[in-house]
Amino acid sequence: MINVFQVIKDMPRIDGRPGETMQPEDLGSLKEKLVEKHGSRVREEDVISAALYPKVHEDYMNFHKEFGPVNCLSTRLFLTGPDVAEEFEVEIERGKTLHVKFLALGELNKATGEREVFFELNGQLRSVMIKDKQALKEMHVHPKVQPGVKGSVGAPMPGEVIDIRVKVGDKVEKGKPLVVLSAMKMEMVINAPVSGKIKGISVTTGYQVQGEDLLVDIEE
């Protein structure tokens, strides 16, 4: 029988229960931060999940904020989507059911990587623009700001970059000018929302940006 000390040899060891050496977590303070970032619908389960798996929970909350409660969709509809002319029902809550019919898929917009999806919702014609993930793999689309990340600085509206006032590695204070845009015949200065170090710059002078296009990454 192999002794555990023969396996770890002179590697670092932990005496006692590993959790005893961890810093205590202020769950009340964590919940306040989650409510500030994601709204009042933060459950106790969310607080525990954020404490145990912060990155996974953050991704989940951002996904839920963008797409809503997708747990009411069947696995096939969620993973592959409906077929043309397919009809299906989605119960969003007790006594409230949506009847959906997928009608058509529009042409690819090569500038944005989006397609227009046409469908009927309870008999009414609707359409939405969606990203074609398969097409995006084969084309260059400018990155967007990361929701919930204060150091991810994006363009508030479409425009042209006419000046960049920082460079990678610079340390900036909150409020410092980062980029100047020309939009709607006006100059707009984009200031740093937080203090930190410039981690990346995603645009160059003369670049045409769309709303929420990533301009600068700041590492707090």
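**Close-up views of a predicted model**

Helix 2 (27-38) and helix 4 (54-67) each contribute at least two residues to the lining of the second largest pocket. That pocket is one of the places visited in the legends below, and every view comes from a predicted model.

**Figure 1. The second largest pocket, lined in part by helix 2 and helix 4.** Let us start with the space itself: the volume of this second largest pocket is about 470 Å³. Its lining is made of 13 residues, and those closest to the centre are K33, L34, K37, E58 and G148. Which helix gives the most to the lining? Helix 2 does, with five residues. By character, the lining residues of this pocket divide into six charged, five nonpolar and two polar. A general word on how such spaces are found: a probe the size of a water molecule, rolled over the atoms, shows where empty space is left.

**Figure 2. The whole protein, for orientation.** Stepping back for a moment, the protein contains six helices and 12 strands. Its radius of gyration is 24 Å, well over the 17 Å that the globule rule gives for 220 residues, so the protein is more spread out than a compact globule. The C-alpha trace spans about 65 × 55 × 40 Å along the principal axes. Of the 220 residues, 25% count as buried. Among contacts between residues at least 6 apart in sequence, 40% join residues at least 24 apart.

**Figure 3. An open sheet of four strands.** Read across the sheet, the strand order is 5-12-10-7, and the pairing is antiparallel. Strand 5 (152-154) and strand 7 (171-172) stand at the edges with a single partner strand each, so one side of each has no neighbour in the sheet. As a reminder, strands of a sheet pair through backbone hydrogen bonds, either parallel or antiparallel. Strand 10 (residues 196-201) and strand 12 (residues 214-219) are joined by four bridges in the antiparallel sense. Which residue of strand 12 stands opposite I198? Look for I218. K197 also has a residue opposite it in strand 12, namely E219. On the strand 5 side, strand 5 and strand 12 pair in the antiparallel sense over three bridges. There, V153 has V216 in strand 12 as its bridge partner.

**Figure 4. The hairpin of strand 8 and strand 9.** Strand 8 (residues 177-183) and strand 9 (residues 186-191) pair in the antiparallel sense, over six bridges. You can use V179 as a landmark, since I190 in strand 9 stands opposite V179. How many residues lie between the two strands of this hairpin? There are two, and M184 in the turn has a positive phi of about 55 degrees.

**Figure 5. A192, in the loop between strand 9 and strand 10.** Is A192 buried or exposed? At 4% relative accessibility, A192 counts as buried, because the cut-off for buried is under 20%. Setting aside neighbours within four places in sequence, A192 is in contact with V172, E173, K174, G175, K176, L178 and I218. One of these contacts, I218, also appears in Figure 3, where I218 of strand 12 stands opposite I198. For a sense of distance, A192 and A111 are 81 residues apart in sequence, and their C-alpha atoms are 28 Å apart in space.

**Figure 6. P143 and E212, two loop residues in contact.** P143 belongs to the loop between helix 6 (133-136) and strand 5, whereas E212 sits in the loop between strand 11 (208-209) and strand 12. Along the chain P143 and E212 are 69 residues apart, yet their C-alpha atoms are separated by 8.8 Å. Which residues does P143 contact, leaving aside neighbours within four places in sequence? They are S202, E212, D213 and L214. With a relative accessible area of 36%, P143 is partly exposed. The backbone of E212 deserves a glance too: phi is near 75 degrees, a positive value in a residue other than glycine.

**Figure 7. A85, a loop residue with a positive phi.** A85 is found in the loop between helix 5 (75-80) and strand 1 (87-93). Phi of A85 is near 75 degrees, and A85 is a residue other than glycine. With a relative accessibility of 46%, A85 counts as partly exposed.

How values were computed: Residues are numbered from 1 along each chain as its sequence is written. This is a predicted model: local features need pLDDT of at least 70, side-chain atom pairs count only at pLDDT 80 or more; totals for chains, interfaces and linings use all residues. Side-chain values use heavy atoms; hydrogens and water are left out. Two strands pair if DSSP finds at least two bridges between them. On a 1 Å grid over the protein atoms alone, a cavity is a set of points where a 1.4 Å probe fits but cannot get out, and a pocket is an open set with protein on both sides within 12 Å along at least five of seven lines; lining residues have an atom within 4 Å of a point. Grid points are joined across faces, edges and corners, and a volume is the space filled by probe spheres set on the points. Ala, Val, Leu, Ile, Met, Phe, Trp, Tyr, Cys and Pro count as nonpolar, Asp, Glu, Lys and Arg as charged, and the others, Gly among them, as polar. The radius of gyration is taken over C-alpha atoms; the globule rule is 2.2 Å times the number of residues to the power 0.38. Buried means under 20% relative accessible area, exposed over 50%, partly exposed in between (1.4 Å probe, protein chains only). Contact means heavy atoms within 4.5 Å.
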